Amino acid sequence: MRLLHTSSLALHEFHGTGVPPYAILSHTWVEGEEVSFHDFSSSLVPPATRSKSETGPRQTRATRPRREPSGLRKIRGACEVARNDGFAWIWIDTVCIDKASSAELTEAINSMYNWYRGSAVCYAYLADVPDPVSDLKRKRDDEGVDSETLRYFRRSRWFSRGWTLQELLGPSRVVFFSCSWTRIGERGSPVLAGIISAVTGIDYALLHPQSKSEFQSRDRLLHGVSIAKKMSWAARRRTTRPEDAAYCLLGIFDVNMPLLYGEGGPKAFLRLQEEIIRTSNDHTVFCWSRKCRREEEGGEEHGRGGERGSGIVVPPDWSSMLAPSPAAFRDAGEYVPIDAWEIPAPHAMTNLGLSICLPVIYTLTQLFVVLDAGLPHDDDAGAAGMRACIAMQRTNQRRSGTNILDRSRFPDGPAMLSKEATDTRERYNLFIRSARHVPLQGLGSAYLHDPRRSLPHLPPPSPSLHVFKHGVLLFVDPTATRLLSTGKRDAPLGAVGYDVETHPPGVFDGRASLLRLPAFDGGSTLLTSALLRIRFKSPQETDLYLFFAVVTTLGGGEVWRCGAHSADEFAFIRLAIREQRLEDIENGRVDSEAGGGGGGGEEDPEAYAQEVTLIHSYLRSEAWDQRRRKLSAQSADESLYVAVGGSIAGDPSTDIRAAMLSGKGDSPYSVPVSAVDPTVDEDDDLDYVDESEDDEFEDWDSSNEEEEEEEDMSDESEKGQRGWESSESSQVFSSASQSREFMDKY
């Protein structure tokens with residue numbers, strides 16, 4: 001370790017236990033003003049340290065050296081402060097490290113945190129904080145720090161730099177100084193500790209120990225902080241060289257690794273995470289997000305420093321389980337390990353990627369892995385016991401039961417699912433590929449059936465379908481044997497052969513198993529819905545329909561409804577279509593060839609498209625008529641149960657609900673996966689209308705009253721509609737006149 005003498009400004013090397021007590025400097029670099037090791041040891045040695053023979057004749061104005069760089073004045077100021085505090089030695093990175101030597105630079109960076117930790121005091125020089133105002137004008141707080149200085153203090157560039165994080169946490173004592181070396185205060189003072197905690201997100205207890213024993217246990221407290229929280233401290237900080245975003249965190253995570261400048265920031269940060277997981281069982285290292293919340297107004301002033309705008313911090317084609325930069329952990333500070341040592345299982349990086357043993361939750365087209373991490377057990381937060389789950393996609397989606405996965409692109413971050421939905425799940429040995437970039441095309445397409453290929457007359461999806469507020473993430477319980485097949489031994493279950501179709505077309509994302517409900521059209525249309533059809537490859541299997549809708553009231557309340565139906569339940573619609581076609585052919589309105597021979601059904605693309613449209617219209621009408629929530633349903637043949645839970649998305653602008661598809665109503669996992677939002681409890685959700693309140697629904701658009709009156713006048717027709725779900729529904733429209741009535745209505 002090389003130290004600088006505070007009086008003679010001479011450099012001297014010390015080793016092992018021979019290192020004397022020393023002070024240490026923390027500062028931000030100024031481009032072109034800093035003094036390097038070679039500059040300081042040669043041409044910039046202060047004249048006071050040279051002999052007369054070295055100084056030579058008196059310099060004239062023409063030969064006088066140029067202005068002294070601010071970096072040298074900073075060194076002299078630090079030495080003077082240290083000398084006045086009784087320290088003979090000080091460590092300053094700019095002059096105590098020979099950066100021309102890669103070996104010395106690697107040793108210094110790997111040792112730097114310990115050097116700061118071993119110092120007697122750290123002087124934090126804030127070049128952008130002006131001197132306090134005069135004593136007469138100064139408005140002080142209880143600790144004697146004026147408010148104007150504190151305003152500049154919290155905005156200092158020092159809080160936005162990567163290297164200063166370890167310089168803040170490592171030393172036992174940190175003293176802050178203004179631009180002219182006027183003392184501001186110590187890190188441990190209540191006022192400064194509170195400001196630093198608010199600016200950096202670091203826990204107050206780590207900055208302001210309440211007792212000597214607590215001060216001595218700082219290392220233990222720091223060691224107990226989750227990986228995600230430590231990463232969140234660095235998420236808004238920047239470094240000049242991209243690789244330093246990883247290298248500046250080596251000491252905080254107590255790891256060592258060689259420096260490879262030129263490898264790029266993502267590779268360096270991946271190597272850092274790989275070193276961390278070698279010695280840690282903390283799953284919060286996987287709890288990063290692709291997007292972050294927008295920076296608050298004034299975020300730059302408070303040293304937060306992150307980019308504003310869309311908040312995208314991870315490339316869309318990034319598929320590794322590990323993050324590409326600390327910025328991905330910006331909103332991950334609340335995640336903590338949960339039951340990490342209850343069923344401990346090793347995980348490690350292999351040639352196939354991350355090898356890890358985790359429980360699995362299935363979705364309609366993908367799956368989630370359940371981490372031993374989540375939110376703290378806080379009863380007031382409404383999220384106690386919630387587990388963090390990461391969406392995965394199979395590398396080969398049609399290969400049944402493969403255990404080689406890629407991290408999915410949706411949701412952007414961990415989904416918080418209930419303890420009931422994630423506990424006691426069987427664990428599988430999984431390999432999550434470390435490939436950092438996977439092409440966007442082709443993922444999920446194996447499950448998606450584009451109806452426009454077989455139904456060319458359908459209009460293309462409207463661009464508004466991609467703008468949505470409401471969505472449903474479709475989970476599948478293992479009891480739904482119609483949707484999941486047995487995979488290989490010790491591998492997750494595979495998916496049976498089926499395609500997914502929707503009405504309107506294009507609202508289902510197979511890569512995320514997310515059904516997007518189109519945005520409201522406005523006006524009197526306060527109902528948004530989507531119909532999903534699971535179309536089995538096997539002719540012996542009967543297709544399934546899933547219906548989801550949200551009705552919005554003028555008061556802002558939202559009524560969620562769901563439905564599960566077997567295709568046989570809508571045989572009356574196919575019958576109505578066929579009767580209508582036969583009548584049209586008999587009356588000459590449709591040519592017999594154009595009518596597909598009156599057969600209808602799936603063999604006739606036009607009739608099939610009409611069938612799906614009518615089924616959706618019928619279910620929408622039923623949802624509007626009943627005007628009450630329906631958070632669970634089952635198909636008439638009792639082969640499929642669906643239950644809608646709470647919101648799983650962290651973005652307040654969207655309401656993405658979790659829905660569980662199961663084969664048994666009494667399955668322990670058939671309950672909807674819960675959400676962080678406590679309002680999903682039916683008893684607490686006052687925006688919904690119970691059956692007993694059906695006649696007192698008053699918060700609806702008055703423009704719909706005429707439609708409601710007309711529907712109320714047709715009691716007989718309404719009774720027929722409600723009887724369509726019965727086993728005799730195929731006989732409801734046995735006559736051409738009833739078929740015409742149904743076709744005219746829908």
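What follows walks through the fold, the helix packing, the aromatic contacts and a few backbone oddities of this chain, all read from a predicted model.

To start with the overall picture, the chain carries 21 helices and 27 strands. Of its 746 residues, 52% count as buried. Contacts also reach a long way along the sequence: among those between residues at least 6 apart, 69% join residues at least 24 apart.

Helix α8 (residues 190-200) is a good place to look at packing. Its buried residues are Leu192, Ala193, Ile195, Ile196, Ser197, Val199 and Thr200. An α-helix has 3.6 residues a turn, so residues three or four places apart point the same way. The buried residues of α8 pack against a mix of helices and strands, namely α6 (147-154), α7 (164-169), β6, β7, α9 (204-207) and α12 (227-234). Right after α8 comes glycine 201, with a positive phi of about 85 degrees.

Two packed helices are described by the angle between their axes and the distance between the axes. For α6 and α8, the angle is about 30 degrees and the axes are 10 Å apart. Angles under 35 degrees count as roughly parallel, so α6 is roughly parallel to α8. On the α6 side, the contact is made by Leu150, Phe153 and Arg154, and on the α8 side by Val191, Leu192, Ile195, Ile196 and Val199. The crossing of α6 and α8 is right-handed.

Further along the chain, helix α17 (residues 571-586) meets helix α18 (residues 605-626), with axes that come within 10 Å and cross at roughly 130 degrees. That angle makes α17 oblique to α18. Here α17 contributes Phe572, Ile573, Arg574, Ile577 and Arg581, while α18 contributes Glu606, Ala607, Gln610, Glu611, Leu614, Ile615 and Tyr618. This crossing, too, is right-handed.

Turning to the aromatic side chains, ring centres within 6.5 Å of each other make a pair, and by this rule the count comes to 18 aromatic pairs. One of them joins tryptophan 158 and phenylalanine 159 edge-to-face, with 5.2 Å centre to centre and 90 degrees between the planes. Residues under 20% relative accessible area are called buried, so tryptophan 158, at 1%, counts as buried. Phenylalanine 159 counts as buried as well, at 2% relative accessibility. Another pair is made by phenylalanine 368 and phenylalanine 475, whose ring centres are 5.2 Å apart and whose planes sit at 45 degrees, so this pair is tilted. It links distant parts of the chain: phenylalanine 368 is in strand β11 (residues 367-374) and phenylalanine 475 is in strand β16 (residues 470-476), 107 residues apart. Phenylalanine 368 and phenylalanine 475 are both buried.

Aromatic rings also turn up under charged groups. The charged end of arginine 407 sits over the ring of tryptophan 288, 3.8 Å from the ring centre. Arginine 151 does likewise with tyrosine 152, its charged end lying 5.0 Å from the centre of that ring.

An aromatic cluster is formed by Tyr123, Tyr125, Phe177 and Trp181. Tryptophan 181 is worth a second look, since its backbone stands out too: phi is near 65 degrees, a positive value in a residue other than glycine. This tryptophan is found in the loop between β6 (174-177) and β7 (183-186), and with a relative accessible area of 16% tryptophan 181 is buried.

Serine 513 is another residue other than glycine with a positive phi, in this case near 55 degrees. Serine 513 lies in the loop between β20 and β21 (514-517) and is buried, with a relative accessible area of 0%. On the other side of β20, the peptide bond from histidine 503 to proline 504 is cis, with omega near 0 degrees. Proline 504 lies in the loop between β19 (498-503) and β20 (508-509).

One more proline, proline 69, is found in the loop between α2 (52-55) and α3 (70-84). Proline 69 and glutamate 34 are 35 residues apart in sequence, yet their C-alpha atoms are 7.1 Å apart in space. Leaving aside residues up to four places away in sequence, proline 69 touches Glu33 and Val35.

Technical notes
Residues numbered from 1 in each chain as written. Predicted model: local features only at pLDDT ≥ 70, side-chain atom pairs only at ≥ 80, totals over all residues. Heavy atoms only, no water. Phe/Tyr/Trp six-rings, centres within 6.5 Å; stacked < 30°, edge-to-face > 60°. Buried < 20%, exposed > 50% of the residue type's maximum accessible area, 1.4 Å probe, protein only. Helix = DSSP H or I, 4+ residues; strand = E, 2+ residues; numbered from the N terminus. Lys NZ or Arg CZ within 6 Å of the ring centre and 35° of its normal. Axes fitted to C-alpha atoms, helices over the stretch in contact; angles between N-to-C directions. Parallel < 35°, antiparallel > 145°, perpendicular 65-115°, else oblique. Left-handed = near helix turned anticlockwise from the far one by under 90°. Contact = heavy atoms within 4.5 Å.
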